[in-house]
Amino acid sequence: MSLALIFAGQGAQKVGMGKSLYDGSAAARALYDEANTVLGWDLKQISFEGPELELTQTKACQSALFVHGLAVIAALRERNKLPEVKFAMGLSLGEVTALTVAGVFDFATGLKVVAERGRLMQLACEKTVGGMAAVIGEERAAVAELCREFDIEAANFNAPGQIIISGDKARVEAAVAAAKARGMKKVVPLNVAGAYHSRLMEPARAEFAAYLATVSFNRPRFTVFSNTTGQVVTEPAQIREALVRQVVSSVLWEDCMRNCAAAGATEFWECGPGGVLAGLARRTEKSWVVKSLAEFNDLPA
């Protein structure tokens, strides 16, 4: 087996996630306890008990998903059930999780990076009126033309026929109406706090760049793919630049998955709640072997 680890992004969170890992694994429990100390607020309570409204906030859910993904890895290692990892990648914030597993940061540093990213994106959401919508069943070229016409952006290329558009809320709403009028079969507004991966996140990008300039990066121990290009990133300066650009650029998730498979990955393990990435993988290529590991009972015996 040539194993690739994949890590969830914002939207996959759900109240209760990680509780069974905390209860069943001493290694996972240690990470959650350390996270509370690093953050200075009770991540455990918000993850395990909610309320959902608080967990869904960008500044909370990004940290919660990061810790959850790493808790899955810690529990696997504790049980000697994690084979040699050849590749890793993550959707949006999940890229920081992947980089942390690859040794680019230690746990505390990676958590601080995610927390600051989430805080800055939350502020950008509060300063703007943004929206997003999912366009299902259309080619990239048709969606790109729609975005050009309404001066918005394609935020996520998640799988064939699943593209997310993002930008000023009124413009996104106009694009949704026009798309439906033109016969695009399924265009669904998303219930989100802002326009992620669009120019409306520029204030967050600029401040995140300044923050990351103070953070030390190591070379990854195994191959990591970047959302911004779908290609491999190896050098610390290149990784830092990609993380900054990712805040405002399209997430090329389908490209990451296809390029990882082409590089030799034979099995993908999704470390995160909800099975979202497994669903995208099935939509992209049904022959791929994908396992979803979210809670203690999901781990190999």
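Biologist: Leaving aside its neighbours within four places in sequence, with which residues is Asn-227 in contact?

Modeller: Outside that window of four places, the contacts of Asn-227 are Gly-90, Leu-91, Ser-92, Glu-95, Gln-246, Ser-250, Val-251, Leu-252, Trp-253 and Cys-256. Please keep in mind that this is a predicted model.

Biologist: Where is Asn-227 found, and is Asn-227 buried or exposed?

Modeller: Asn-227 belongs to the loop that runs between strand 7 (223-225) and strand 8 (232-233). The cut-off for a buried residue is a relative accessible area under 20%. Asn-227 has a relative accessibility of 0%, so this loop residue counts as buried.

Biologist: How should one read the pattern of buried residues along a helix? Which residues of helix 8 are buried?

Modeller: The general idea is one of periodicity. An α-helix has 3.6 residues a turn, so residues three or four places apart point the same way. In the present case, helix 8 spans residues 140-150, and its buried residues are Val-143, Leu-146, Cys-147 and Phe-150. Viewed down the helix axis, the buried residues of helix 8 fall within an arc of 100°, and therefore they line one face of the helix. Ala-141 and Arg-148, on the other side of helix 8, are exposed.

Biologist: What covers the buried residues of helix 8, and which residue follows this helix?

Modeller: The cover includes three strands, namely strand 3 (130-136), strand 4 (153-159) and strand 5 (162-168), together with helix 9 (169-181). The residue after helix 8 is Asp-151, and its phi is positive, near 55°.

Biologist: How are aromatic pairs to be read, and how many aromatic pairs does the count come to?

Modeller: A pair of aromatic rings is described by the distance of the centres and the angle of the planes. In this structure the count comes to seven aromatic pairs. One of them joins Tyr-22 and Phe-48, with 5.5 Å from centre to centre and 55° between the planes, and is classed as tilted. Tyr-22 lies in helix 1 (residues 19-24) and Phe-48 in helix 3 (residues 43-49), so this pair ties together parts that are 26 residues apart in sequence. Tyr-22 is buried at a relative accessible area of 16%, and Phe-48 counts as buried at 12% relative accessibility.

Biologist: At what angle do the planes of Phe-66 and Phe-107 lie?

Modeller: Their planes are at 25° and their centres 5.9 Å apart, so Phe-66 and Phe-107 form a stacked pair. Because Phe-66 lies in helix 5 (residues 58-78) and Phe-107 in helix 7, the pair ties together parts that are 41 residues apart in sequence. Both Phe-66 and Phe-107 are buried. Ring pairs also link Tyr-22, Tyr-32 and Phe-48 into a cluster.

Biologist: How does one read empty space in a model, and what is the volume of the largest pocket?

Modeller: Rolling a probe the size of a water molecule over the atoms shows where empty space is left. Here the largest pocket holds about 820 Å³ of space. Its lining comprises 37 residues, and the closest to the centre of the pocket are Gln-10, Gly-11, Ala-12, Val-192 and Tyr-196. Among the elements that give two or more residues to this lining are helix 5, helix 7 and helix 13 (276-284). Helix 4 gives the most, with four residues. By class, the lining of the largest pocket has 19 nonpolar, 15 polar and three charged residues.

Biologist: Which element gives the most to the lining of the second largest pocket?

Modeller: That element is helix 9, with four residues. The second largest pocket holds about 190 Å³ of space, and its lining includes Gly-130, Met-132, Lys-169, Glu-173 and Val-192. Strand 3, helix 9 and strand 6 (186-190) are the elements that give two or more residues to it. The lining divides into seven nonpolar, three polar and two charged residues.

Biologist: How many cavities of 30 Å³ or more does a search of the whole structure find?

Modeller: The search finds one such cavity, and the volume of the largest cavity is about 40 Å³. Leu-120, Leu-123, Ala-124, Lys-127, Pro-203, Ala-204 and Glu-207 line it. Two or more residues of this lining come from each of helix 7 (107-127) and helix 10 (202-212), and the largest share, four residues, comes from helix 7. By class, the cavity lining has five nonpolar, no polar and two charged residues.

Terms used
Residues are numbered from 1 along each chain as its sequence is written. This is a predicted model: local features need pLDDT of at least 70, side-chain atom pairs count only at pLDDT 80 or more; totals for chains, interfaces and linings use all residues. Side-chain values use heavy atoms; hydrogens and water are left out. Buried means under 20% relative accessible area, exposed over 50%, partly exposed in between (1.4 Å probe, protein chains only). The arc is that of the directions from the helix axis to the C-beta atoms. Contact means heavy atoms within 4.5 Å. On a 1 Å grid over the protein atoms alone, a cavity is a set of points where a 1.4 Å probe fits but cannot get out, and a pocket is an open set with protein on both sides within 12 Å along at least five of seven lines; lining residues have an atom within 4 Å of a point. Grid points are joined across faces, edges and corners, and a volume is the space filled by probe spheres set on the points. Ala, Val, Leu, Ile, Met, Phe, Trp, Tyr, Cys and Pro count as nonpolar, Asp, Glu, Lys and Arg as charged, and the others, Gly among them, as polar. Rings of Phe, Tyr and Trp (its six-membered ring) pair if their centres lie within 6.5 Å; planes under 30 degrees apart count as stacked, over 60 as edge-to-face and the rest as tilted.
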